[in-house]
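Open the model in your viewer and keep the sequence panel beside it. The tour below moves from one selection to the next and says what is found at each stop.

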Amino acid sequence: MALLSIFALLGEASAQRDKDEEPTAILSFLILKADNGKPVRNAAVIMHPVSSHGKQERGGLELKTDADGRTSFDGIPYGKLRVQILASGFQTFGEDYDVNQGKMDFTVKLKRPQGQYSIYEEHPGDKKDEKKDDKKDAKKEEKKDSTPDLQAKPQ
């Protein structure tokens with residue numbers, strides 16, 4: 001019994017040693033407003049590891065940007081990483097990255113939310129008259145095709 005517990009402890013120690021020897025990276029983020037380039041303060045930068053199958057794994061880390069729109073973290077293991085950025089008044093940003101260098105810098109420009117498209121509103125560039133004319137032309141073509149050609153030779 002004691003021998004089994006020694007092997008179990010040795011297994012855990014070697015697994016811990018392998019984890020400590022994995023290369024890690026320093027990730028730095030700069031979050032800006034897309035419309036004017038000013039920093040976004042207090043944006044949440046959420047990082048999740050991604051499996052080789054593209055699925056988000058359990059666990060993760062959330063950072064907050066400072067007044068200059070910056071945040072960073074040291075100790076991210078190499079591999080796929082899903083980054084999401086949430087900030088009040090901006091569209092959510094999401095992207096998967098391959099962490100493969102010791103230091104990586106990311107600049108993300110957040111956009112303001114866009115209005116919902118409605119078919120009941122006037123939109124520049126839409127021409128309603130063309131749609132009606134297209135229907136009339138299609139009906140004319142149908143009539144033209146269905147009219148028998150009287151001068152055609154019988155077969």
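Begin with the charged side chains: the count of salt bridges comes to three. The model is a predicted one, and each of these pairs can be selected in turn.

**Stop 1: Glu62 and Lys64**

Select Glu62 and Lys64, whose side chains meet in a salt bridge with an N to O distance of 4.0 Å. Glu62 counts as partly exposed, at 49% relative accessibility. Lys64 is also partly exposed, with a relative accessible area of 44%.

**Stop 2: Arg82 and Asp96**

Next select Arg82 and Asp96, where the salt bridge has an N to O distance of 2.7 Å. Arg82 lies in strand β5 (residues 79–86) and Asp96 in strand β6, so this pair ties together parts that are 14 residues apart in sequence. Asp96 has a relative accessible area of 36% and is partly exposed.

**Stop 3: Asp105 and Lys103**

Now select Asp105 and Lys103, whose side chains form a salt bridge at 3.3 Å, N to O. Is Asp105 buried or exposed? Asp105 counts as exposed because its relative accessibility is 57%, and the cut-off for exposed is over 50%. Lys103, at 47%, counts as partly exposed.

Why can such pairs form at all? Side chains of opposite charge can pair when their charged atoms come close.

**Stop 4: the whole chain**

Clear the selection and colour the chain by secondary structure. The protein chain has two helices and seven strands. Followed along the sequence, the pattern reads α-β-β-β-β-β-β-β-α. Buried residues make up 23% of the 155 residues. The accessible surface comes to about 12,500 Å², and 51% of that belongs to carbon and sulfur atoms. Of the contacts with a separation of 6 or more, 54% are between residues 24 or more positions apart.

**Stop 5: the open sheet**

Select β2, β3, β5 and β6. In what order do the four strands lie in this open sheet? The order is β3-β2-β5-β6, and the pairing is antiparallel. Strands β3 (61–64) and β6 (93–99) stand at the edges with a single partner strand each, so one side of each has no neighbour in the sheet. From one strand to the next, the twist averages 25°.

Zoom in on β2 (residues 44–49) and β3, which pair in the antiparallel sense over four bridges. To find one position in this pairing, select Val45, which stands opposite Leu63 in β3.

**Stop 6: strand β1 and its partners**

Move to strand β1, residues 24–33. This strand is mostly covered, with seven of its 10 residues buried. Strands of a sheet pair through backbone hydrogen bonds, either parallel or antiparallel.

Which way does β1 run relative to β4? The two strands are antiparallel, and seven bridges join β1 to β4 (residues 70–77). Select Ala25 to see one position here: its bridge partner in β4 is Ile76.

Then show β7 (residues 103–110), which runs parallel to β1 and is joined to it by eight bridges. Select Ser28, whose bridge partner in β7 is Asp105, the residue that also forms a salt bridge with Lys103. Another position to select is Lys33, with Leu110 as its bridge partner in β7.

**Stop 7: the two faces of β7**

Stay on β7 and show its side chains. In a regular strand the side chains alternate between the two faces of the sheet. Along β7, Met104, Phe106, Val108 and Leu110 point to one face and are buried. Lys103, Asp105, Thr107 and Lys109 point to the other face and are not buried.

**Stop 8: two loops**

Select Asn42, in the loop between β1 and β2. What is its phi angle near? Phi of Asn42 is near 65°, a positive value in a residue other than glycine.

Finish with Tyr117, in the loop between β7 and α2 (128–146). Tyr117 has a relative accessible area of 56% and is exposed. Add Ile119 and Tyr120 to the selection: with Tyr117 they make a nonpolar surface patch of about 470 Å².

Notes: Residues are numbered from 1 along each chain as its sequence is written. This is a predicted model: local features need pLDDT of at least 70, side-chain atom pairs count only at pLDDT 80 or more; totals for chains, interfaces and linings use all residues. Side-chain values use heavy atoms; hydrogens and water are left out. Buried means under 20% relative accessible area, exposed over 50%, partly exposed in between (1.4 Å probe, protein chains only). Two strands pair if DSSP finds at least two bridges between them. Patches are made of residues with over 30% relative accessible area and no salt bridge: like charges are joined within 9 Å, nonpolar side chains (Val, Leu, Ile, Met, Phe, Trp, Tyr) within 5 Å. Accessible areas come from the Shrake-Rupley method with a 1.4 Å probe; for residues, only the protein chains shown count as cover. Axes are lines fitted to C-alpha atoms, for helices over the stretch in contact, and angles run from 0 to 180 degrees between N-to-C directions. Contact means heavy atoms within 4.5 Å.
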